[in-house]
Amino acid sequence: MNTIAFIGLGNMGGPMAANLVKAGFDVRAFDLSQEAQETAKANGCEVAFSAQEAATDADFIISMLPAGKHVRGLYIEDDAPLFEVIKRGALVIDCSTIDGATARGVAEEGEKLGIGFVDAPVSGGVGGAQAGTLTFIVGGSEVEFRLAKPVLEAMGKNIFHAGGHGAGQVAKVCNNMLLSILMAGTCEAINMGVKNGLDPAVLSEIMKQSSGGNWALNVYNPYPGVMENAPASKNYQGGFQVDLMVKDLGLAMDVSQQSASAVPMGSAARSLFTLHKAKGNGKLDFSSLMQFYQDKE
Ligand code: NAD
């Protein structure tokens with residue numbers, strides 16, 4: 001069985017590494033956080049003293065880090081960059097959500113050393129990471145995609161090949177920009193209906209079965225009490241944080257600027273979510289934008 005180095009064992013990376021162990025891979029794990037290392041050990045990973053130790057001789061190196069600067073630092077710019085020790089022919093799978101330009105830059109540096117690279121950001125959140133049902137959106141060559149697929153299948157259900165290096169990141173932010181627009185529109189419509197005397201559950205059912213039907217209405221209703229298991233009915237705890245949506249919308253704005261793509265709806269959604277975050281709601285689920293429309297603090 002192949003050896004996998006796993007760097008970044010946070011909310012997402014921790015359970016993803018645990019699922020690789022369950023699938024029978026030898027996983028050498030590293031995180032800057034002692035607590036994360038201990039959890040990984042309890043989940044059957046071999047814990048390394050450094051990222052370099054984890055990556056030496058590994059066949060696959062997976063990273064799940066906060067942002068582009070951490071990914072570029074880890075492989076190229078830190079004091080002990082991983083590209084110094086990763087063997088020729090190994091494949092780097094970066095699952096972090098970062099900008100496409102950084103992903104392409106790291107891929108290019110790897111290529112010079114005979115190291116493969118795919119960007120493989122995910123959709124599905126912490127619940128999907130724990131259940132092993134994530135969606136992976138992969139950017140890389142056909143050969144790299146085929147190499148990565150069996151590893152990704154141990155952590156996810158849907159594995160898409162979006163295109164060349166960086167394409168996974170672009171597809172991911174296109175999706176999340178659309179999600180933010182759908183959620184904002186859904187909150188807006190429900191709030192107007194309620195202010196005009198409608199029952200939010202009745203209105204939601206009408207729109208769900210009509211031409212306004214969308215993912216937020218189907219599985220993630222933002223109005224408290226309409227859907228028992230949605231974050232809205234749990235004080236907007238759990239789910240996908242406003243902070244992460246604001247991060248992804250920032251990346252979407254970068255992509256729109258670089259490609260001169262008009263994104264008036266995405267820009268409006270970014271402003272709404274940023275204002276909502278500025279009011280101190282960054283840690284709440286993103287469907288809490290409902291409270292912004294209700295003018296609740
Ligand atoms: P997190 O903050 O919980 O975990 C990141 C981990 O990386 C931390 O444990 C941190 O200690 C570690 N780390 C940072 N720099 C490191 C380094 N140089 N070496 C080793 N470890 C290092 O974040 P998360 O929620 O797991 O998210 C990770 C990525 O997944 C982000 O890019 C995020 O945008 C993306 N994502 C998150 C979600 C979600 O719902 N949380 C959903 C989809 C995508």
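**Helix crossings, two domains and a ligand shell**

I will begin with one helix pair, because α8 and α9 cross in a right-handed sense, where a crossing is called left-handed if the near helix is turned anticlockwise from the far one by less than a right angle, and right-handed if clockwise. Please bear in mind that this is a predicted model, in which local features need pLDDT of at least 70 and side-chain atom pairs count only at pLDDT 80 or more, while totals for chains, interfaces and linings use all residues. Residues are numbered from 1 along each chain as its sequence is written. Helices are DSSP runs (H or I, at least four residues), numbered from the N terminus.

To stay with this pair, α8 covers residues 167-195 and α9 covers residues 200-208, and their axes come within 9 Å and cross at roughly 130°; the axes are lines fitted to C-alpha atoms over the stretch in contact, with angles from 0 to 180 degrees between N-to-C directions. The two helices are therefore oblique to each other, given that angles under 35 degrees count as roughly parallel, over 145 as roughly antiparallel, 65 to 115 as roughly perpendicular and the rest as oblique. Helix α8 brings A189, I190, G193 and V194 to the contact, and α9 brings P200, L203, S204 and M207, where contact requires C-beta atoms, placed from the backbone, within 7 Å. By class, this contact holds six nonpolar, two polar and no charged residues, with Ala, Val, Leu, Ile, Met, Phe, Trp, Tyr, Cys and Pro taken as nonpolar, Asp, Glu, Lys and Arg as charged, and the others, Gly among them, as polar.

Helix α8 also packs on α12, at an angle of about 70° with the axes 9 Å apart, which makes α8 roughly perpendicular to α12. Here the crossing is left-handed, and M177, S180, I181 and A184 of α8 meet M265, G266, A269, L272 and F273 of α12. Seven nonpolar, two polar and no charged residues make up that contact.

What, then, is the angle between α11 and α12? Helix α11 (residues 242-259) and helix α12 (residues 264-281) pack at about 145°, with their axes 9 Å apart, and their crossing is left-handed. On the α11 side the contact includes V242, M245 and L249, and on the α12 side it includes R270, F273 and K277. Its residues divide into eight nonpolar, six polar and three charged.

Turning to the whole chain, the protein is divided into domain 1 (3-164) and domain 2 (170-293), with bounds from an automatic or database domain assignment. Their C-alpha centres lie 29 Å apart, and the contact takes eight residues from domain 1 and ten residues from domain 2.

Where does the ligand lie with respect to the two domains? Both domains give residues to its shell, so the ligand lies between them. Of the 26 residues around the ligand (C-beta atom, placed from the backbone, within 6 Å), G8, G10, N11, M12 and T97 come nearest. Helices α4 (68-77), α6 (125-131) and α11 each supply at least two residues of the shell, which divides into 15 nonpolar, nine polar and two charged residues.

Definitions and conventions
Two residues are in contact if their C-beta atoms, placed from the backbone, lie within 7 Å. A residue is near a molecule or strand if its C-beta atom, placed from the backbone, lies within 6 Å of it.
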